[in-house]
Amino acid sequence: MSFFSLTIRNRNSFLFIAIDSFKSRHLIPLRTLTTRIPHSHPPMDNSSNNNNNNKDQVIEDPEKKKKKEEKAREKQLKKEKFLQKQAQQQQAQQSSNAPKKSEKKAARRGTEDENPEDFIDPETPSGDKKRMSRQMAKQYSPTAVEKSWYEWWENSKYFVADSSSSKPPFVIVLPPPNVTGALHIGHALTAAIEDTMIRWRRMSGYNALWVPGMDHAGIATQVVVEKKIMRERKLTRHDLGREKFISEVWEWKDKYGGTILQQLRRLGASLDWTRECFTMDDQRSKAVTEAFVRLYKQGLIYRDIRLVNWDCVLRTAVSDIEVDYIDIKERTLLKVPGYDKPVEFGVLMKFAYPLEGNLGEIIVATTRIETMLGDTAIAVHPDDQRYSQFHGKCAIHPFSGRKLPIVCDAILVDPTFAREAIAEALQKKGLYRGSENNEMRLGVCSRSNDVIEPMIKPQWYVSCGDMAKEGLNAATDEENIRLEIVPKQYLADWKRWLENIRDWCISRQLWWGHQIPAWYVTLEDDQLQEYGVYNDHWVVARNEEEAQAEASQRYSGKKFHLIRDPDVLDTWFSSGLFPLSVLGWPDDTKDLKTFYPTSVLETGHDILFFWVARMVMMGMKLGGDLPFKQIYLHPMIRDAHGRKMSKSLGNVIDPIEVINGISLEGLHKRLEGGNLDPKELAVAIDGQKKDFPNGIEECGADALRFALVSYTAQSDKINLDIQRVVGYRQWCNKLWNAIRFAMSKLGDNYIPPANLNPDVLPFSCQWILSVLNKTITKTIKSLESFEFSHATTAVYSWWQYQLCDVFIEVIKPYFAGNDPKFAAERRHAQDTLWFCLDNGLRLLHPFMPFVTEELWQRLPSPKECKREDSIMICPYPSPIEGWNNEKVENDMDLVESTVKSLRSLAKESRDRRPAFVLCLTRAVEEIISSHQLEIVTLANLSSLTVINENDAVPSGYVNTVVNETLSVYLELQGTNSAEAEQGKMKKIEELKKQIEKLEKIMSAPGYEEKVLPQVRAKNQEKLDSLKERLLLEETTGLSIASK
């Protein structure tokens, strides 16, 4: 039994009856009134309808009364029909919105009976397949999930490529990290991108090979070991001698040199460890020697005396890449190794040389005054009139007394820089002439921090001109592009560098490295017996026996002895051979035949010239082909503020610390264990406090990998914010919960089908398969074009916004209470959910290998076909033509827009309320009516009523316009009516302003003549749309019952 109370209210000159029942509130229009009530009339008082004692009551005409009663009955029938329709909808929706109370109680009882040990993974012997807990843990834990899988993958030889395979090869060579190094964030980015590519290609049917290796890092390693023996035994390398020192380095390498390779395993890098190599192992050393000999015999390697970058601390020439430049504007004090006090730079000092015969003096300016001790002449420009009177004369050195001829030279050499002692001595002799600020660019060795000294030294060089032209043409010949550089912006750098290339100095005055295979021949009858004095006395050979034979042939009948060049080769020389040497070159191996040339070279853009260009030149010259077909250059990583990572700033991010987590105290401890001075340490600690006030939360390898790959859209720099990594770790928990939900709905006995027929599936199932298909297509296309961030966005968006936020939510009513009427939908939803999870995990696997393996292993297997043992060797998803359904996607777009608008009206409220949807076209009404269950579920409604333009809009509801054909109404709850009306009026005013602004533009003089037709058409379309929205807002706006 129900009861009703009636309230008559005025709205826009019409009367409405508000019928209050025990269930809901409805508005019925009284369209039978014979007179219209003016806007100015106040609301009618309920009491007037029941005042039987009114003395002025008018007796109504019987005929009129009869007609009114007939119309009232007609209205009552419509009202009852409307209420019956809504009651049916409410009943259907409420029955499917939530599980029965008994189910909730049963679930609680199940929780009480849980065994905690069922949620803990048993111990797994190293190399065995991971033993997982009986029940899924309630929360994702990176430590638990990422344990044991890698050892099993490696032990199962899933990373090993087969040189006999008929599959097409896909090959990447890992840029060899320095043997001295630990994994830094740049290495992590490289590994994340390359492992994404290699896992994707492996799953896509390629014979995928990713070759690991380490670089011997000549200078860095020698410095580390020299410091070690000095610290431990107070000895220099010269005290030990070359042979014993090299033995010490090998011992250090064997003990400490594999750190970074173990760290790469922790990151999940699926490298083929059976092919691991080291740039100084026997095979790579053989390749280096062979390359040097061949290039020498082809006239591409020669010896010459030239100006080099000399490091006085390391006592060797260094490459341009090992020189950092400091721009100095004025007098500046800098720390220099070997000096107790800071040294002054940015100053031009002047002093006088007295002329021979007391003819006066000549003033010399220099930035390195200490070098005057070695002066042997004074150079002046022949065209400089200030010094014309000095031509041919001599000056006297104030300290040694030797004569310094004054010579004319149009190319003056500035030997650089100045120091205290010499300046003081010159002042005492009265020859110092002051100093002034001198803007300069100071070269400093990145290895030793010593100031670089330009020095003339005999060195070995590679002639690069012709090889550079070949490398340039491979990338720029538009009719035959054989080398693609991505992003394309770096093609200009490639062109600029190779067009202006200089010959490459490849010798280093070190002991650790590949000793140059060249011997100096000293003939018994040579006039000068000093080592190296004759440049034509060199022989190059693979070993000393070959050198002896060649010297004997060249100097037949003469007595001689050989001395091998003590210098070693630049580390970049062996690195430049890497794509060849890792595959067995110079031997004609099966690997070389199968896997050369490699497929892609991925590295940072900062070594495009120093390493990548040299690999291209040497690969073409020695391997007969380009070493790779494509080059992908990733951005450089900076901190969240865009600063270069530096120990002195405290912003260096260790990937292992991100994976495992670390406290703020732990970060401080790492800094304190370094070599920062107290001031730098204080600055660094303060920086850590600001950037990581609570330390770094444990994120796991998967979250770090996904974050790094997703960052690659940022041009040439990545501003890495750890909170973004934390966000992806939380997203892993979302994936975890999605599988937990699936397992609870699939049940223990569920067996997935071999395939799906979309035609018989419910609407939501058809939709999720269709958008999954599009995601697969977009992901593959993005990976093929090296748009890794687009790929991560596509995969993330499908999982987050389509599968978890929509599909999993929308199918929950099918599983609520095991309602028999949803039996078919329930089974279809189970099958579709399984297919989505299986495809979705395989789609995500290259980016997040650990969590996807763990979750995929928990999915039930199809009965009809045998599943692979690991997700990493499963096929990568490919689009299925029958899954595409544009109509279903369009319909769901409308459903989601409706839900979004309703959620916006509800704001943060979790209360379930009734709602109306006003549809202005039949097509929209059919779509909304067909998908009321989805809308009620996603918008968390208690009921949903679909009305059209012929129905009354509800009162007591807040509304918004979805589009020109659709508006939604949500029951007001705890909302101030005046505020809601005010918001409505504000929206109307904003629309009016936009219309006024656009009309002003379109009515301006010359608009028709000056504005392009397509622009005018677009403006007119926009104006019409704005006017339609305004009309909708004004005619279907808020209808709040007056009190």
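This report walks through a predicted model, from its overall make-up to one helix and two groups of strands.

**Overall picture**

The protein has 1043 residues, and 50% of them count as buried. Its secondary structure comes to 33 helices and 35 strands. About 52,300 Å² of the protein is exposed, with carbon and sulfur atoms supplying 49% of that area. Take the contacts between residues at least 6 apart in sequence: 76% of these join residues at least 24 apart.

**Helix 8 and its two sides**

Let's turn to helix 8, which covers residues 242-256. At 1.5 Å a residue, its 15 residues should span 21 Å, and the end C-alpha atoms are indeed 21 Å apart, so the two values agree.

The buried residues here include R242, F245, E248, V249, W252 and K253. They cover an arc of only 140 degrees around the axis, which means that they lie on the same side of helix 8. The general pattern is a familiar one: an α-helix has 3.6 residues a turn, so residues three or four places apart point the same way. On the other side of helix 8, E243, K244, E251, D254 and K255 are exposed.

What do the buried residues of helix 8 pack against? Their partners are helix 6 (218-233) and helix 7 (237-240), together with strand 6 (213-214), strand 7 (277-278) and strand 27 (568-569).

**An open sheet of four strands**

Next comes an open sheet, in which four strands follow the order 9-8-20-22 with antiparallel pairing. Strand 9 (316-318) and strand 22 (504-505) stand at the edges; each has a single partner strand, so one side of each is left without a neighbour in the sheet. Strand 8 (residues 301-311) is joined to strand 9 by three bridges, and W310 has A317 in strand 9 as its bridge partner.

**Strand 35 and its partners**

Strand 35 spans residues 966-971, and five of its six residues are buried, so it is largely enclosed by the rest of the structure. Strand 32 and strand 34 both pair with it, as the table sets out.

| Strand paired with strand 35 | Bridges and direction | Residue pair |
|---|---|---|
| Strand 32 (residues 913-919) | five bridges, antiparallel | C919 opposite L966 |
| Strand 34 (residues 957-963) | six bridges, antiparallel | Y957 with E971 |

How many residues lie between strand 34 and strand 35 in their hairpin? There are two residues between them.

Notes
Residues are numbered from 1 along each chain as its sequence is written. This is a predicted model: local features need pLDDT of at least 70, side-chain atom pairs count only at pLDDT 80 or more; totals for chains, interfaces and linings use all residues. Side-chain values use heavy atoms; hydrogens and water are left out. The expected span of a helix is 1.5 Å times one less than its number of residues. Buried means under 20% relative accessible area, exposed over 50%, partly exposed in between (1.4 Å probe, protein chains only). The arc is that of the directions from the helix axis to the C-beta atoms. Contact means heavy atoms within 4.5 Å. Two strands pair if DSSP finds at least two bridges between them. Accessible areas come from the Shrake-Rupley method with a 1.4 Å probe; for residues, only the protein chains shown count as cover.
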